[in-house]
Amino acid sequence: MSSDQLTSTKKTDSKAYRNGKQGTLVDRNNRSTIGQPTVHDPRMSCRNVNVYYEDKHAIHDVSLDIGKNEVIALIGPSGCGKSTFLRCLNRMNDTIDICRVTGEILLDGNNIYDKNIDVVPLRARVGMVFQKPNPFPKSIYDNVAYGPKIHGLVQTRDETDEIVKKSLLKAGLWDEVKDRLDKPGTGLSGGQQQRLCIARTIAVGPEIILMDEPCSALDPIATARIEELIDELRENYTIAIVTHSMQQASRVSQRTAFFHLGDLIEVGSTNQIFLSPMHQLTEDYITGRFG
Ligand SMILES: Nc1ncnc2c1ncn2[C@@H]1O[C@H](COP(=O)(O)OP(=O)(O)OP(=O)(O)O)[C@@H](O)[C@H]1O
Ligand SMILES: [Mg+2]
C-alpha cells in the first residue's frame, strides 16, 4: 500500500490546510494517517492493525513500516495505544486473554500472526525492554546467560562466558559489573538494572528491540547513558521506542509516529514531526497543548 493510499480521507467536513514547507494539501482534522508511514526497505510492515480489549477498540486500522537500522519513536498522550501497538510487534498481547489483534504484521515478509509461528523464537528475534527494569532474581551473570541457555545458543561454559561478556559490553555495563558477576542483578542501581535488561535482550541475538518508556524510572544521568546506548545499538538493530519525552524522541530517533486515541495520526522524519508537523493534533501535542 502506498503512503498516498494511506492518507485517503475518512472525514469530509474538515478544513484543508496547506503546509508551507512541503506545499502539500493537508487535511488537519482528518484522523487517518498522514505523512510517511511506509518506507522502501521495511524490516517490519504493519497493515490495517486493529486491537480490541474485549469490546474496547484500542488501535484503529494502523498501517506502519519500521525500517532497517532505524530508531522509530512512538509518541502520544497517555492511553492512546502506544504500548498496545508496541506489544503487537512481538505478540506480547497474546499474554492478555481479552486482547484480540487483527490485520497483518510482517517481519521480513512473513506474517508473525500466522498460526504456524512459534512465539518463543519470535520474541527472541523481536526483544522487549520494559518501563520498569525487571531483572530476574538471579546473579548478573545468570540474568544474561539464561536466554542463550534456554534457546540452545550455547553448549559450554566458555561459550556462555563469551556471550555474557559480549552482551554486557554492548549494553555498556561490562566495566561496572565485571568483578561482581555472581552478585544479584537486583542489587544494581536502576540505570544499571535497565542496562542489564538490555544486555539480557541482546544476548539472544534479536534483530529488533522494542522499548516501552525505558528511561521513565531513571535519573537524567542514567537516561543519558541509555540514550547513548540506543544510538550505538542502531548500527546493528532496529529499535522502536515509546517515550513521553519529546527531547528524548528528538535525540534518539530518526522517525516519529504520533498516536492519538488509538489512531496513528502522523508519521514522518523526527525533524519534520517536531519542526513542521502537518496535522493539527500533532502540533497541539508537541507544543504541549494537551497530553
Ligand atoms: N490489559 C488491558 N485490558 C483492557 N484495556 C487495556 C489493557 N491495556 C490497555 N488497555 C486500554 O487500551 C488503551 C491503550 O492503552 P495503552 O496502555 O496501550 O496506552 P499508552 O499509550 O501506552 O498509555 P501510557 O502512555 O499511559 O502508557 C487504553 O484505553 C487502555 O485503558
Ligand atoms: Mg504505555
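**View 1. Ala73 of strand 6 sits across from Ile241 of strand 11 in this predicted model.** Start here, where strand 6 meets its neighbour: strand 11 covers residues 238-242, and 4 bridges join the two strands, which run parallel. Now look to strand 12, where Ala73 also has an opposite number, Thr256. A little further along, Ile75 stands opposite Phe258 of strand 12. Strand 6 (residues 71-75) and strand 12 (residues 255-260) pair in the parallel sense, again over 4 bridges. As a general reminder, strands of a sheet pair through backbone hydrogen bonds, either parallel or antiparallel.

**View 2. Strand 6 is covered on both faces.** How many residues of strand 6 are buried? The count is 5 of its 5 residues, and the strand is mostly covered. In a regular strand, side chains alternate between the two faces of the sheet. Here, Val71, Ala73 and Ile75 lie on one side, while Ile72 and Leu74 lie on the other, and all are buried.

**View 3. Stepping back, 7 strands make up an open sheet with mixed pairing.** Follow the strands across in the order 3-13-12-6-11-10-9. Strand 3 (34-35) and strand 9 (126-129) are the edge strands, and each pairs on one side only. Helix 7 packs on this sheet, where it touches strand 9 and strand 10 (208-212). The direction of helix 7 makes about 170° with that of strand 9.

**View 4. Helix 7 runs through residues 190-203 and is largely enclosed.** This helix has 14 residues and reaches 20 Å from its first C-alpha to its last, close to the 20 Å expected at 1.5 Å a residue. Why is helix 7 described as largely enclosed by the rest of the structure? The reason is that 13 of its 14 residues are buried. In general, an α-helix has 3.6 residues a turn, so residues three or four places apart point the same way. Just after helix 7, look for Gly205, which takes a positive phi of about 70°.

**View 5. Ala203 is a buried residue of helix 7.** Is Ala203 buried or exposed? With 28 other C-beta atoms within 10 Å, Ala203 is buried, because 20 or more are enough for that label. Leaving aside neighbours within four places in sequence, the contacts of Ala203 are Val144, Gly147, Pro148, Ile163 and Ser167. Ala145 is 58 residues from Ala203 along the chain, and their C-alpha atoms are separated by 7.4 Å.

**View 6. Thr160, in helix 5, is partly exposed.** Helix 5 covers residues 157-170. Thr160 has 19 other C-beta atoms within 10 Å, so it falls between the buried limit of 20 or more and the exposed limit of 12 or fewer. Not counting residues up to four places away in sequence, Thr160 touches Ala145, Pro148 and Val154. Tyr141 is 19 residues from Thr160 along the chain, with 9.3 Å between the C-alpha atoms of the two.

**View 7. Another open sheet has 4 strands and antiparallel pairing.** The order to follow here is 5-4-7-8. At the edges are strand 5 and strand 8 (110-111), each of which pairs on one side only. Strand 4 (residues 42-53) is joined to strand 7 (residues 99-107) by 8 bridges, and the two run antiparallel. Two places to look along this pair are Ser45, which stands opposite Leu106, and Tyr52, whose bridge partner is Arg100.

**View 8. Strand 4 and strand 5 form a hairpin.** There are 2 residues between the strands, and Glu54 in the turn has a positive phi of about 50°. The two strands run antiparallel and are joined by 8 bridges. Along the hairpin, Val49 stands opposite Val62 in strand 5.

**View 9. Ligand 1 has 13 residues around it.** Which residues come nearest to ligand 1? They are Tyr53, Ser78, Lys82, Ser83 and Thr84. Strand 5 (56-67) and helix 2 (82-88) each supply at least two residues of the shell. Helix 2 gives the most, with 3 residues. By class, the shell holds 5 nonpolar, 6 polar and 2 charged residues.

Note on methods: Residues numbered from 1 in each chain as written. Chains lettered and ligands numbered in written order. Predicted model: local features only at pLDDT ≥ 70, side-chain atom pairs only at ≥ 80, totals over all residues. Near = placed C-beta within 6 Å. Nonpolar A, V, L, I, M, F, W, Y, C, P; charged D, E, K, R; others polar. Expected span 1.5 Å × (residues − 1). Pairing = 2+ DSSP bridges. Contact = placed C-beta atoms within 7 Å. Axes fitted to C-alpha atoms, helices over the stretch in contact; angles between N-to-C directions.
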